[in-house]
Amino acid sequence: MRTAAVLSTVLVLAGAGTYVWADTRLNQQVDLGTLSGRVPPGEGTNYLVVGSDSRDGLSEKDKKDLNTGSTGGRRTDSVILLHTGANGTTMLSLPRDSWVTLPPYVDPGTGRSYRATPDKLNAAFSLGGPDLLVQTVERNTGVHIDHYAEIGFAGFVGVVDAVGGVDMCLDKAVRDKDSGADLPAGCQTLDGSEALAFVRQRKQEAQGDLGRTRNQQKFLAALADKAATPSTLADPSKSFPTLSAGLDTLIVDEGTELPDLMKLFEALKKATAGGGRQLNVPVADPDLRTSKGSAVKWDDRRARALFAAIREDRPPGAQEGG
């Protein structure tokens with residue numbers, strides 16, 4: 001009994017130490033409270049989850065092995081609006097090529113002001129970073145963003161490897177020269193580099209970027225399911241490597257603490273369970289010709305109805321007040 005008590009105390013202290021360590025490591029780089037032109041909060045909680053192509057933390061060998069290239073700066077590889085509330089969880093992918101209206105903004109590098117203009121969603125992140133991306137999502141959806149979380153390539157690979165890989169079942173073989181994906185059909189465990197290649201590839205997808213967003217949702221749900229298991233969260237020997245790997249390139253807003261990240265992972269898990277939904281924003285034209293090249297045009301009527309349901313914490317498709 002004394003041994004059990006000592007071991008329990010050690011585990012509690014180790015868990016508390018891991019919690020304090022991780023909480024102090026959070027890179028709270030984004031201040032949502034300073035943003036202008038924001039929409040009012042709705043019901044429930046909304047997370048903007050962004051996968052960026054930042055190469056921070058990768059050596060030249062890593063970049064070559066992972067087929068990431070050496071492009072500087074940050075662009076979005078995925079943008080997911082995650083809503084959780086009394087009526088379940090909704091994971092909604094917003095294609096990075098979505099044709100949206102960027103709000104007026106100031107270039108953080110030059111200080112030059114720009115008027116509102118139509119452009120791709122990914123341009124908001126490239127031109128104004130997380131601040132402009134959040135403002136753009138709010139302007140075009142009417143959904144208030146409560147928390148922001150962004151992870152780069154190195155952190156993504158590290159988290160997958162730290163949990164021992166993620167199990168995926170593929171209906172068909174996946175081969176893409178640009179991303180480096182070369183995966184057979186069937187069930188298998190993807191390591192970090194294989195997972196990164198899988199979520200980045202889109203050229204063999206019949207619907208291009210829309211097909212990729214579905215793959216990203218499927219993978220994130222599988223990753224969250226494994227990373228947020230009680231055995232992982234309660235065991236410092238497992239949770240510490242996972243947290244350490246993810247925190248290296250994780251960027252969050254100033255209001256996000258470690259409990260909020262745990263809730264985010266739980267919400268990702270629920271999105272694939274009975275009380276959750278995985279959706280793509282309704283699309284009218286996946287190949288809209290614009291001055292910025294091919295873009296994704298949302299179906300305005302259906303998209304507005306979906307965003308209204310999220311704001312009011314209603315299941316998508318349920319009538320207002322029903």
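Q: Helices in this text are DSSP runs of H or I with at least four residues, and strands are E runs with at least two, both numbered from the N terminus. Going by that, how many helices and strands does the protein have?
A: First, keep in mind that this is a predicted model. Counting runs in that way, the protein has 10 helices and 17 strands.

Q: What share of the residues of the protein count as buried?
A: A residue is called buried when its relative accessible area is under 20%. Applied to the 322 residues of the protein, that cut-off gives a buried share of 48%.

Q: What percentage of the contacts with a separation of 6 or more comes from residues 24 or more positions apart?
A: Contact here means heavy atoms within 4.5 Å. Take the contacts in the protein with a separation of 6 or more; the part that joins residues 24 or more positions apart is 68%.

Q: Which strands are at the edges of the open sheet of 7 strands?
A: The sheet has mixed pairing and runs in the order E1-E14-E9-E2-E3-E4-E15. An edge strand pairs on one side only, and that picks out E1 (27-30) and E15 (276-280).

Q: By how much are neighbouring strands of this sheet turned against each other on average?
A: Strands of a sheet pair through backbone hydrogen bonds, either parallel or antiparallel. For this sheet, with direction ignored, the average turn between neighbouring strands is 25°.

Q: E2 pairs with E3 and with E9; which of these partners runs parallel to E2?
A: E2 (residues 45-52) and E3 (residues 76-85) pair in the antiparallel sense over 8 bridges. Along that pairing, Asn46 has His83 as its bridge partner, and Leu48 stands opposite Leu81. On to the other partner: Val49 of E2 stands opposite Ala149. That pairing covers 5 bridges in the parallel sense, and the strand in question (residues 147-151) is E9.

Q: How many of the 8 residues of E2 are buried?
A: E2 sits between E9 and E3 in the sheet order. The strand is mostly covered, and its count of buried residues is 7.

Q: Which element gives the most residues to the largest nonpolar core?
A: This core has 29 residues, and Leu48, Leu92, Leu94, Leu133 and Tyr148 touch the most other members. Two or more residues each come from E2, E3, E5 (99-102), H3 and H10 (300-311). With 7 residues, the top contributor is H3.

Q: How many residues are in the second, separate core?
A: Among its members are Tyr47, Leu82, Val252 and Leu264. One of these, Leu264, is also listed among the buried residues of H9. The size of this second core is 17 residues.

Q: Is Thr141 buried or exposed?
A: Thr141 lies in H3 (residues 121-141). Leaving out residues up to four places away in sequence, Thr141 touches Trp298, Phe307 and Arg311. Its relative accessible area is 4%, which means that Thr141 is buried.

Q: Which residue has the backbone oxygen that the side chain of Thr141 reaches at 2.6 Å?
A: The side chain of Thr141 has a polar atom 3.1 Å from the backbone nitrogen of Val143, but this one concerns an oxygen. At 2.6 Å, the backbone oxygen belongs to Val137.

Q: How far apart are the end C-alpha atoms of H9?
A: H9 (residues 258-270) has 13 residues, so at 1.5 Å a residue it should span 18 Å. The model agrees with that, with its end C-alpha atoms apart by 19 Å.

Q: How many residues lie between E16 and E17 in their hairpin?
A: E16 (residues 283-290) and E17 (residues 293-298) pair in the antiparallel sense over 5 bridges. In that pairing, Arg289 has Ser294 as its bridge partner. The number of residues between the two strands of the hairpin is 2.

Methods
Residues numbered from 1 in each chain as written. Predicted model: local features only at pLDDT ≥ 70, side-chain atom pairs only at ≥ 80, totals over all residues. Heavy atoms only, no water. Pairing = 2+ DSSP bridges. Axes fitted to C-alpha atoms, helices over the stretch in contact; angles between N-to-C directions. Buried < 20%, exposed > 50% of the residue type's maximum accessible area, 1.4 Å probe, protein only. Polar contact = N/O pair within 3.5 Å; in protein donor to acceptor, adjacent residues only side chain to side chain. Core = buried A, V, L, I, M, F, W, Y, C linked by side-chain atoms within 4.5 Å. Expected span 1.5 Å × (residues − 1).
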